[in-house]
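Good morning, everyone, and thank you for making the time. I would like to walk you through one structure slowly, starting from a single element and working outwards.

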Amino acid sequence: MGGRDDGGGGNRAYGRKAFKRSRAHFQDRITADGRDGWPVEAGRYRLVVSRACPWASRALVSRRLLGLEDAVSLAVADPVQDDRSWRFTLDPDGRDPVLGIRYLSEAYDRRETDYPGGVSVPAVVDVPSGKLVTNDYQQITLDFATEWTALHREGAPDLYPEKRRDEIDAVMDDVFRDVNNGVYRAGFATGQEEYEAACTRLFRRLESLEQRLERQRYLVGDTVTEADIRLFTTLVRFDPVYHGHFKCNLWKLTESRVLWAYARDLYQTPGFGDTVDFDHIKRHYYQVHTGINPSGIVPLGPGLAGWTTPHHREELGGRPFGDGSPPGPVPPGEEVPARGRP
């Protein structure tokens with residue numbers, strides 16, 4: 001999710017020009033063998049996220065499930081960015097306490113001076129140099145699952161099992177194209193035909209996912225995988241922002257018996273719901289996208305109490321962590337504030 005004005009009009013441009021999801025510009029990988037010059041090393045890297053952003057939320061969930069909190073420190077940006085980029089106004093003196101910067105764009109500039117593109121999260125920054133390593137939102141979590149195994153907690157789940165990768169990749173491709181990106185194509189559409197095509201495609205895909213999840217607890221196999229993480233981060237935002245703000249309103253998540261139960265099941269699974277901040281989510285979308293919502297008014301609803309109600313998905317079997325175990329308590333200082341929880 002971007003944040004710096006690159007000549008396209010900044011926050012005011014949302015909804016006034018055709019939506020296009022750009023590829024990550026910085027695609028270096030942090031690997032066990034360090035082949036890109038960035039070896040896996042505990043304490044060296046800092047993950048910068050916004051709890052508002054679905055792409056960054058993937059990294060939050062993955063980091064929690066795998067127990068990488070001690071290995072990769074966390075910086076949480078203000079959900080309401082300005083046209084310069086994501087900012088650290090939640091921290092004392094408006095600076096990230098580890099990187100010492102006010103804006104994430106400073107880490108981008110240390111990597112590439114006058115980089116013309118947007119400043120996006122998630123981003124991984126090299127703490128010693130203060131330089132951005134990667135903003136490759138598609139690859140960061142896959143590498144957490146496969147390259148960081150030496151630093152995984154005991155009992156960490158296998159989020160990208162080798163024998164299932166072809167199926168996981170196929171499901172994730174459909175979800176990315178029609179759901180993760182689909183809500184944005186509908187929300188940022190600049191014409192009726194463009195909007196209707198995106199919205200129709202989105203709900204057709206959701207209906208096919210309903211059919212898949214009617215008979216199985218998780219998207220692939222009987223355990224949580226990367227595919228579930230990627231679908232969850234869109235579903236958890238669906239009724240609070242995408243249904244109204246992005247006009248994805250053929251039906252609400254709460255009106256889908258299967259998807260609503262599936263989303264609640266994941267939300268109540270340690271590592272998922274404990275990373276979700278509904279306050280950040282709503283304030284970001286409604287206050288930043290001024291091209292869509294010029295008043296900046298944040299709606300009071302919807303109510304959140306339903307997220308903690310019984311889902312009965314355990315009747316389908318499945319074991320969320322496979323042969324492993326749930327993650328421990330959320331580390332001190334990383335808890336979601338009460339106003340962002342049901």
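Please keep in mind that this is a predicted model. Let me begin with helix α6, which has 23 residues and spans 33 Å from its first C-alpha to its last, close to the 33 Å expected at 1.5 Å a residue. Along α6, the buried residues are Tyr195, Ala198, Cys199, Leu202, Phe203, Leu206, Leu209, Glu210 and Leu213, and the partners against which the buried residues of this helix pack are α4 (165-180), α5 (182-187), α7 (226-235), α8 and α9 (257-267).

Now to the core. The largest nonpolar core has 98 residues, and the members that touch the most others in it are Leu104 and Leu206; the largest share of this core, eight residues, is supplied by α6. As for Leu104, if we leave aside its neighbours within four places in sequence, its contacts are Val48, Ser85, Trp86, Phe88, Val119, Ser120, Val121, Ala123 and Val125.

Let me turn, finally, to the aromatic rings, where a search of the whole structure finds 24 aromatic pairs. One of them joins Phe203 and Phe238 in an edge-to-face arrangement, with 5.9 Å centre to centre and 85° between the planes. Because Phe203 lies in α6 (residues 192-214) and Phe238 in α8 (residues 238-242), this pair ties together parts that are 35 residues apart in sequence. Phe203 and Phe238 are both buried, and they belong to one aromatic cluster whose members also include Trp55, Tyr137, Phe176 and Trp251.

Methods
Residues numbered from 1 in each chain as written. Predicted model: local features only at pLDDT ≥ 70, side-chain atom pairs only at ≥ 80, totals over all residues. Heavy atoms only, no water. Phe/Tyr/Trp six-rings, centres within 6.5 Å; stacked < 30°, edge-to-face > 60°. Helix = DSSP H or I, 4+ residues; strand = E, 2+ residues; numbered from the N terminus. Buried < 20%, exposed > 50% of the residue type's maximum accessible area, 1.4 Å probe, protein only. Expected span 1.5 Å × (residues − 1). Contact = heavy atoms within 4.5 Å. Core = buried A, V, L, I, M, F, W, Y, C linked by side-chain atoms within 4.5 Å.
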